[in-house]
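Work through the exercises below with the sequence and the coordinates at hand. Each task is followed by a solution in steps.

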Amino acid sequence: MSEDQKKALEIHNQARRDASNSSGHGRPDLVWDDNLAAQATAYAQRLVDQNQGLQHSSGDQRPDQGENLYWSKPNGSLENASRGWVDEKGNYHGEKIGEGDFGSYGHYTQCIWPSTTNVGIGMVRGS
């Protein structure tokens, strides 16, 4: 694993540990998944190639997988993306998923979803 991948994974796992402590529900550490990372990279490259901006894939394109998207200016990193998602924690107050201002906390809840076991993050650069 690259240093950036290690940092991104640790950010996810620390958020999961913190969520476990506050909620009482165990959230095991995630394992890095190279296959998920390759799929994420391929999808990101397709968005860049088609000049589509940030557009979520359909559920049938990623069965049994969640998806967070992130955009940054040059010099972005997996660490920055992960931190951006996890930093939504302050916007989440235990609402049922999809209720309230889901757009302000949905990435965070995706990161800490209790049944999630693996994570893979991809990144591409575009013009």
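**Exercise 1.** Check the length of helix α2 against the expected span of its 16 residues.

Solution. The model is a predicted one. The expected span is 1.5 Å times one less than the number of residues. For the 16 residues of α2 this rule gives 22 Å. The end C-alpha atoms of α2 are 22 Å apart, so the expected span and the model agree.

**Exercise 2.** Determine which residues of α2 are buried, and how they are placed around the axis.

Solution. Buried requires a relative accessible area under 20%. In α2 the buried residues are Leu36, Ala37, Tyr43, Ala44 and Leu47. They cover an arc of only 130° around the axis, and therefore lie on the same side of α2. An α-helix has 3.6 residues a turn, so residues three or four places apart point the same way. Next, look for what the buried residues of α2 meet: they pack against β1 (31-32) and β2. Finally, turn to the face pointing away from the buried side of α2, where the exposed residues Asp34 and Asp49 are found.

**Exercise 3.** Repeat the analysis for the buried residues of α3, then classify Gly84 as buried, partly exposed or exposed.

Solution. Leu78, Ala81, Ser82, Trp85 and Val86 are buried in α3. Their arc around the axis is only 130°, which puts them on the same side of α3. Gly84 also belongs to helix α3. Its relative accessible area is 28%. Partly exposed covers the range between under 20% and over 50%, so Gly84 is partly exposed. Along the chain, Gly84 and Lys6 are 78 residues apart, while 16 Å separates their C-alpha atoms.

**Exercise 4.** Locate Tyr70 and list its contacts beyond four places in sequence.

Solution. Tyr70 sits in the loop between α2 (34-49) and α3 (78-86). With a relative accessible area of 36%, Tyr70 is partly exposed. Leaving aside neighbours within four places in sequence, Tyr70 is in contact with Leu54, Asn80, Ala81, Gly84 and Trp85. From Tyr70 to Asp49 the C-alpha distance is 16 Å, for 21 residues in sequence.

**Exercise 5.** Describe the largest pocket: its volume, the residues closest to its centre and the make-up of its lining.

Solution. The largest pocket holds about 1400 Å³ of space. It is lined by 48 residues, of which Ala44, Asn68, Leu69, Tyr70 and Gly122 are the closest to its centre. The elements giving two or more residues to this lining are α2, α3, α4 (102-112) and β2 (118-119). With 8 residues, α2 provides the largest share. Sorted by class, the lining has 20 nonpolar, 22 polar and 6 charged residues.

Terms used: Residues are numbered from 1 along each chain as its sequence is written. This is a predicted model: local features need pLDDT of at least 70, side-chain atom pairs count only at pLDDT 80 or more; totals for chains, interfaces and linings use all residues. Side-chain values use heavy atoms; hydrogens and water are left out. Buried means under 20% relative accessible area, exposed over 50%, partly exposed in between (1.4 Å probe, protein chains only). Contact means heavy atoms within 4.5 Å. On a 1 Å grid over the protein atoms alone, a cavity is a set of points where a 1.4 Å probe fits but cannot get out, and a pocket is an open set with protein on both sides within 12 Å along at least five of seven lines; lining residues have an atom within 4 Å of a point. Grid points are joined across faces, edges and corners, and a volume is the space filled by probe spheres set on the points. Ala, Val, Leu, Ile, Met, Phe, Trp, Tyr, Cys and Pro count as nonpolar, Asp, Glu, Lys and Arg as charged, and the others, Gly among them, as polar. The arc is that of the directions from the helix axis to the C-beta atoms.
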